Amino acid sequence: MKLALYLPNFRTEVTIKELEDLTDLAEELDFDSVWTLDRIVVPEASDREELQHTFGMMDGLPHALPVQARGQWFQGYPLLPWLAARTSKVRIGQSIIDTPFRAPGVLAAELATIDHLSGGRLNVGLGAGWMPEEFAAASAAHIFPKRHKHVRETIEVLQGVWGNDLFEYHGEFADFERCGFGAKPLQQPRPPIFMSGLKDPLRSAKRITKYDLDGWIGIQDSPDGLGKWLTAIDQQFEEIGSPKRSKDLEICSMIWTVITDTEMDQSDNGVPSNLLVGTEKQLTDRLKAYKEAGLTMPLIWPPFTDVPVSKTLDDLKRIKNDIMPKVEAA
């Protein structure tokens, strides 16, 4: 099982120095990768819990974001070239890039450049986004009803631009004649592409199998909950006659993580559960269960509030040095 850090660039209060310290430690501890979070805006309506949808459109969560509208967070996408320059070993990525906020051809060219800046260490996470208010702020309100189609077209443009000297595409959201887009990604045939999965296992599975993607990223998935996603992926691979299965992919989930002094209730109550919040023994047992269930890489996610970065730095060391050896020995 690999370890990844989900960088807390989206917090009401966070500093570049804190992001530097976390990134440097992940590199020192030989984590597999460091990922940023994509958030364009926090609507003021969120402070009143009056968003049009619940967080991520997921059950059991409020109509609000866990960060204040006046918060001083940092955009995740510009952090990617910064991470490329600051690190030399860990892979980098954004979990996930909301494609409707970016023109597909521009995104393909920019990601190819970032792959070169990182020496071929870029992972590409893709998703559709979920918040109408954010689409409006990104001048993409018209895309919201068709956001899943935008993801499909973006995948096709990425793969086409990266795989051809000249490429043309004629779709609803990208429509251009034969063009060259500059340097191809350093990684061949392309950087790994991960599909997000928050609500609909079948939709994620169809994209992964149709476009032969490399991984899947969920959020706060329990070991038992992973089953519905992996089953859907396996069924789609079988339906198209592919020998591949979910075991051939990188299976990830973004999971809030804190080591506590006292035991926590880790009952599976959906997304808000304390899945990786608990004592060292509780985290050890849970990671063993995740490994058995097919999770190949948890994205260790510092909570939005109440946990200082100094605490997370200590937790990362304990997870790597004390917990993971027991998990791998199981």
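This passage looks at one strand and its neighbours, and then at the aromatic rings, in a predicted model.

A good place to begin is strand β5, which spans residues 124-127. Residues along a strand point to alternate sides, and here both faces of β5 are covered. On one side sit Val124 and Leu126, on the other Gly125 and Gly127, and all of these residues are buried.

Strand β5 has partners to pair with. One of them is strand β4 (residues 97-98), which runs parallel to β5 and is joined to it by 2 bridges. Within this pairing, Ile97 is found opposite Leu126. The path from β4 to β5 also involves a helix: β4, helix α4 (residues 104-117) and β5 together make up a β-α-β unit, and this unit is right-handed. Another partner is strand β8 (residues 193-196), whose pairing with β5 is again parallel and is made over 3 bridges. Here Leu126 stands opposite Met195 of β8. Leu126 is thus a handy residue to find in the structure, since Ile97 of β4 and Met195 of β8 can both be located from there.

The aromatic rings come next. The structure contains 13 aromatic pairs. One of them is formed by Trp35 and Phe194, with 5.3 Å from centre to centre and 85 degrees between the planes, an edge-to-face arrangement. Because Trp35 belongs to strand β2 (residues 33-36) and Phe194 to strand β8, this pair ties together parts of the chain that lie 159 residues apart in sequence. Trp35 and Phe194 are both buried.

Phe101 and Phe135 offer another example. Their ring centres are 5.0 Å apart and their planes meet at 70 degrees, so this pair is edge-to-face. Distant parts of the chain are linked here too: Phe101 lies in the loop between β4 and α4, while Phe135 lies in helix α5 (residues 132-137), 34 residues away. Both of these phenylalanines, Phe101 and Phe135, are buried.

Aromatic residues can also gather in groups. Tyr6, Phe10, Trp73, Trp256, Trp301 and Phe304 make up one aromatic cluster. Phe10, a member of this cluster, has a charged companion as well: the charged end of Arg39 sits over the ring of Phe10, 5.9 Å from the ring centre. A further arginine, Arg102, is placed over the face of Tyr77, at a distance of 5.3 Å from the centre of the ring.

Key:
Residues numbered from 1 in each chain as written. Predicted model: local features only at pLDDT ≥ 70, side-chain atom pairs only at ≥ 80, totals over all residues. Heavy atoms only, no water. Buried < 20%, exposed > 50% of the residue type's maximum accessible area, 1.4 Å probe, protein only. Helix = DSSP H or I, 4+ residues; strand = E, 2+ residues; numbered from the N terminus. Pairing = 2+ DSSP bridges. Right-handed = clockwise from strand over helix to strand, strands pointing away. Phe/Tyr/Trp six-rings, centres within 6.5 Å; stacked < 30°, edge-to-face > 60°. Lys NZ or Arg CZ within 6 Å of the ring centre and 35° of its normal.
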